[in-house]
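Visitor: Could you take me through one part of this model in detail? I'd like a close look at the place where protein and DNA strand D come together.

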Protein chains: 2
Amino acid sequence: MTETAATGRALPHPDREHIRLESVLHALSDPLRLQIVRELAAREAELTCSQFDLPVTKSTSTHHFRVLRESGVVRQVYRGTAKMNGLRRDDLESLFPGLLDSVLAAADRQAARLGDAARVPAGG
Amino acid sequence: MTETAATGRALPHPDREHIRLESVLHALSDPLRLQIVRELAAREAELTCSQFDLPVTKSTSTHHFRVLRESGVVRQVYRGTAKMNGLRRDDLESLFPGLLDSVLAAADRQAARLGDAARVPAGG
DNA sequence: GGACTTCTTCGATGACCATCGTACGAGATC
DNA sequence: GATCTCGTACGATGGTCATCGAAGAAGTCC
């Protein structure tokens, strides 16, 4: 099958009302995690952890995804052996209107300004 | 005199183009620092360090103000023995349009939601 | 000049964090 | 069931960070 596993392992997520601004800002203040969120936003789709080309080992990668999940920025769901990551846009928008978009726009701007372009903007 | 000292001690600030989004987010991700920024924004004026009622010692306070200054969030200027703190609204707005306001609005919203009200919103 | 106020600097401390490597667990495929 | 892929868990490590207390520097006021 193709939709077997999502049932097996469940991951702990904070409820919408437990998401804290400080935690979200902290999650986004790491370059790697900000990068992850930017790609997630740019693709507007759920992505597996391994689809991100991160310059760190898998352990470290797991760590960063967990920080993003525990802060309420992303939602993670198992699909077979893969773990799908999706931005919690609705929850964030409801709690902090405009915040995520401001941060994403700021990140795009800064990337363009610093020449880090060719990463997310166009969509690869 | 009343405007003697501003000349004496100068404090290092990042130029506008050296302000990094990640550093700003990191600076804002600490509850105490976010509190400082909220008060600064609410009062729309420069405030001395001691006008903030922070539940920490002066050393710690100095530390937090320095993080805010070095990340480019606030501008600090000596005025006699006091140190005036002002939000770098223009610089931040120019670099990251809408970001600061989103964060401030998010902070107000969260404070209201969590019952931390009576702090900044009304202005005392 | 002496006392007072305001903030700084230094050293220490305990917490947290980003990183790694290795070993393991859960599904998928054959 | 063997094997492969994807991600987790654990332990270690080096770095940063928030915090404090005590001593000091800069300015103001009498």
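Guide: Let's start at a phosphate: one of the phosphate oxygens of DNA strand D sits 2.3 Å from a side-chain N or O atom of H64(B). That makes a polar contact, meaning a pair of N or O atoms within 3.5 Å; within protein, one of the two must be able to donate a hydrogen and the other to accept it, and residues adjacent in sequence count only if both atoms are side-chain atoms. Keep in mind that this is a predicted model, where local features need pLDDT of at least 70, side-chain atom pairs count only at pLDDT 80 or more, and totals for chains, interfaces and linings use all residues. Side-chain values use heavy atoms, with hydrogens and water left out, residues are numbered from 1 along each chain as its sequence is written, and chains are lettered from A and ligands numbered from 1 in the order in which they are written.

Back to the DNA. The side chain of T60(B) has an N or O atom 2.9 Å from a phosphate oxygen of strand D. Over on chain A, the T81(A) side chain puts an N or O atom 2.9 Å from a sugar or linking oxygen of that strand. As for elements (DSSP runs numbered from the N terminus, with helices being H or I of at least four residues and strands E of at least two), those giving two or more residues to the surface near strand D are helix 3 (58-70) and strand 3 (82-87) of chain A, plus helix 2 (31-43) and helix 3 (58-70) of chain B. "Near" here means that a residue has a heavy atom within 4 Å of the strand. Helix 3 of chain B gives the largest share, four residues.

Now zoom out a little. There are 25 residues around DNA strand D, and the ones that come nearest are T62(A), K83(A), R33(B), H63(B) and H64(B). Of the strand D atoms that come within 4 Å of the protein, 71% are sugar and phosphate. By type, that surface has five nonpolar residues, 15 polar and five charged. Ala, Val, Leu, Ile, Met, Phe, Trp, Tyr, Cys and Pro count as nonpolar, Asp, Glu, Lys and Arg as charged, and the others, Gly among them, as polar.

And the chain behind those elements? Chain A has five helices and three strands, in the order α-α-β-α-β-β-α-α from the N terminus.
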